Amino acid sequence: MRIVSMSGSLRENVGKKDAKALRKQDRVPCVMYGKDEQKCFSVPLTQFDRIIFNPEPCFVEIDMDGTKFRTMLKDIEYHPVTDIVYHADFYELSDNKPVTMSIPVHTCGTSVGVMKGGKLAYKQKRLMVKALPANMPSEILIDITKLDIAQRVKVQDIELKNFEILNPKSSEVVVINSTRAAATTDAGEEAEAAPAAE
């Protein structure tokens, strides 16, 4: 799992006036929940770029006045007009407590169906995964080598390695769709096979 480091400062005052002053300084008011009592702090706005502009999931290590906390971004609020990060909530991780994250789906291999002219389609580009922090995957990798045209992979077909996928087991993840090129290829193969059969 990718780790993003942030530098945070505890907030001396909490309230709308203080939050407004922080935003004028290009800092984002944040709250961390988890093991102990919640902590209110702020982070430089630019440090969010490594999270919001990268689709890959990550854990966030926050250095707060010399003390490091291992967290995950739980919620983020944007300004309704400017789309600038307005507020963020973080959740402090515990080694023995599972968490839930949205994990991207990637494929490997070249599908038999694609080689015949079919087209790979993602029915779900991300899946909800529940796991202990140490077991949380950075991606769900699906081998599509053996998939022929009209064949698909469902959630129930994915090999689980110390994690749980929360999406319905019958829901489709990837499928090889037929195309005109594939139909033409099939028709040609049938035409060639017909005289041989006679």
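**View 1. Gln47 and the residues it touches in this predicted model.** Setting aside residues up to four places away in sequence, Gln47 touches Ser5, Met6 and Ser7. You'll find Gln47 in the loop between β3 and α2 (49–52). Buried or exposed? Gln47 is buried, since its relative accessible area is 15% and the cut-off for buried is under 20%. For a sense of scale, try Glu37, which sits 10 residues from Gln47 along the chain: the C-alpha atoms of the two are separated by 24 Å.

**View 2. Strand β2 with β3 on show.** Strand β2 (residues 27–33) is mostly covered, with six of its seven residues buried. β2 pairs with β3 (residues 39–44) in the antiparallel sense, and six bridges hold the pairing together on paper. One spot to look for is Cys30, which has Phe41 of β3 opposite it. Between the two strands of this hairpin there are five residues, and Gly34 takes a positive phi near 145°.

**View 3. β2 again, now with β6.** Here the strands run parallel: β2 is joined to β6 (residues 85–92) by four bridges. Val31 has Asp89 of β6 standing opposite. Glu92 also belongs to strand β6, and what does Glu92 contact beyond its neighbours within four places in sequence? The list is Met32, Tyr33, Gly34, Lys35, Phe69, Arg70 and Thr71. Glu92 is a charged residue, yet it counts as buried, with a relative accessible area of 8%.

**View 4. The four-stranded open sheet.** Reading across, the order is β10-β7-β9-β12, and the pairing is mixed. Which strands stand at the edges? They are β10 and β12 (164–165), and each has a single partner strand, so one side of each is left without a neighbour in the sheet. β12 runs antiparallel to β9, and two bridges join them. Val129 has Ile165 in β12 as its bridge partner.

**View 5. The largest nonpolar core, with Val173 picked out.** This core has 25 residues, and Leu127, Met136, Ile140, Ile142, Ile158 and Val173 have the most contacts inside it. β7, β9, β10 (140–143) and β13 (172–177) each supply at least two of the core's residues, and the largest share, four residues, comes from β7. Zoom in on Val173: leaving aside neighbours within four places in sequence, its contacts include Val105, Ala121, Tyr122, Leu127, Ile142, Val153, Val155 and Ile158. Lys123, Gln124 and Lys154 are also among the contacts of Val173. There is a second, separate core too, made up of 17 residues, with Val28, Phe48, Ile51 and Phe90 among them. As a rule, nonpolar side chains in soluble globular proteins tend to be buried together.

**View 6. The largest pocket and its lining.** The volume of this pocket is about 360 Å³. Its lining has 15 residues, and those closest to the centre are Pro57, Leu73, Met101, Ser102 and Arg126. Which strands give the lining at least two residues each? That would be β4 (58–64), β5 (67–78), β7 (99–108) and β9 (126–131). By character, the lining residues split into nine nonpolar, three polar and three charged. Strands β7 and β9 turned up in the previous view as well, where each supplies at least two residues of the largest nonpolar core.

Conventions: Residues numbered from 1 in each chain as written. Predicted model: local features only at pLDDT ≥ 70, side-chain atom pairs only at ≥ 80, totals over all residues. Heavy atoms only, no water. 1 Å grid on protein atoms, 1.4 Å probe; cavity = no way out; pocket = protein on both sides within 12 Å on 5 of 7 lines; lining within 4 Å. Points joined across faces, edges and corners; volume = space filled by probe spheres on them. Core = buried A, V, L, I, M, F, W, Y, C linked by side-chain atoms within 4.5 Å. Buried < 20%, exposed > 50% of the residue type's maximum accessible area, 1.4 Å probe, protein only. Contact = heavy atoms within 4.5 Å. Pairing = 2+ DSSP bridges.
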